[in-house]
Amino acid sequence: MANVLSARGLLELAETRTKPIWIARDLSKCSGCRKCEIACSLHHENRIWPEASRVRVFMLVPGSDFPHLCTQCEDYPCVKACPFKVLSVSRKTSAVLVNEEKCTGCGKCIAACPGRIPHIHPNKKKAVICDLCEGDPECTKVCQEGGWGVLKTVEREGHAYKLYARTPEETAANLATKLYGEKAEEFL
């Protein structure tokens, strides 16, 4: 009986699922397994295809692999920069959504993003941005199941989102400093 939810518990669970979410990250825990890329591409592309994944793993410094994905900046510069208004923000999750039918692949969203996170799909030639899997991110599931704890789905409250909106090079430099201290400059 301990696993049975009361009516109030079910209501609370339903309310929690409709709140906007965010993917919290502890990048220093990343093992570089790339399961997040695999889960994402399987979900969106129905095959393992890291180049088309909405989350991409970089290793620019030895031993400092990290996932790179949309941080959902408070001011959404990518959405504002789109001249064709094909980007929008989901009311349910607060993720950036791409209208593929109208996207021209101009790249203005990439240029506007402080982390240069969106990229152009290798075949469709349209912008690719994390859509939070409609509120149930596959990348966080595999990361949690694997026990790494790098990516975790949390409610979108009280996080400094833009701190994570950095280019792969900036993130690698920060991680290298954290991992190697003063010796980090040898790798950069």
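Trainee: Before we start, what counts as a contact here?

Mentor: Contact means that heavy atoms lie within 4.5 Å. In this predicted model, among contacts between residues at least 6 apart in sequence, 65% join residues at least 24 apart.

Trainee: And what order do the helices and strands come in along the sequence?

Mentor: The chain has 6 helices and 8 strands, and read along the sequence they follow the pattern α-β-α-β-β-α-β-β-α-β-β-α-β-α. Of its 188 residues, 41% count as buried.

Trainee: Let's look at H2, then; which of its residues are buried?

Mentor: Helix H2 covers residues 35–45, and the buried ones are Cys36, Glu37, Ala39, Cys40, Ser41 and Glu45.

Trainee: What covers them?

Mentor: The cover for the buried residues of H2 includes strand E2 (56–58), strand E3 (66–68), helix H5 (138–146) and strand E8 (151–155). Just after H2 comes Asn46, which has a positive phi, near 60°.

Trainee: Cys40 is on that list, so how many disulfides are there?

Mentor: The count comes to 0 disulfides. For Cys40, the closest cysteine sulfur is that of Cys133, and because the two sulfurs are 5.9 Å apart they are too far for a bond, the cut-off being 2.5 Å. Cys78 is in no disulfide either, with the nearest cysteine sulfur, that of Cys70, 5.9 Å away.

Trainee: Are Cys40 and Cys78 buried or exposed?

Mentor: Cys40 is buried, at a relative accessible area of 5%, and Cys78 is buried as well, at 8%.

Trainee: Back to Glu37 in H2; what does its side chain meet in a salt bridge?

Mentor: Glu37 meets the side chain of Arg34, with 3.3 Å from N to O. Glu37 is buried at 4% relative accessibility, whereas Arg34 is partly exposed at 31%.

Trainee: Which residues are linked in a network of salt bridges?

Mentor: Asp136, Glu138 and Lys141 are linked in such a network. Lys141 bridges to Asp136, with the closest N and O atoms 3.0 Å apart, and Lys141 also meets Glu138 at 3.0 Å, N to O. Glu138 and Lys141 are 3 residues apart in helix H5, so about one helical turn separates them. Each member of the network is partly exposed: Asp136 at 41%, Lys141 at 28% and Glu138 at 21%. Across the structure the count comes to 6 salt bridges.

Trainee: New topic, aromatics: what lies over the face of Trp49?

Mentor: That is Arg47, at 3.9 Å from the ring centre. As for rings pairing with rings, a search of the whole structure finds 1 aromatic pair.

Conventions
Residues are numbered from 1 along each chain as its sequence is written. This is a predicted model: local features need pLDDT of at least 70, side-chain atom pairs count only at pLDDT 80 or more; totals for chains, interfaces and linings use all residues. Side-chain values use heavy atoms; hydrogens and water are left out. Helices (H or I, at least four residues) and strands (E, at least two) are DSSP runs, numbered from the N terminus. Buried means under 20% relative accessible area, exposed over 50%, partly exposed in between (1.4 Å probe, protein chains only). Rings of Phe, Tyr and Trp (its six-membered ring) pair if their centres lie within 6.5 Å; planes under 30 degrees apart count as stacked, over 60 as edge-to-face and the rest as tilted. A charge sits over a ring if NZ of Lys or CZ of Arg is within 6 Å of the ring centre and within 35 degrees of the ring normal. A salt bridge is a side-chain nitrogen of Lys or Arg within 4 Å of a carboxyl oxygen of Asp or Glu.
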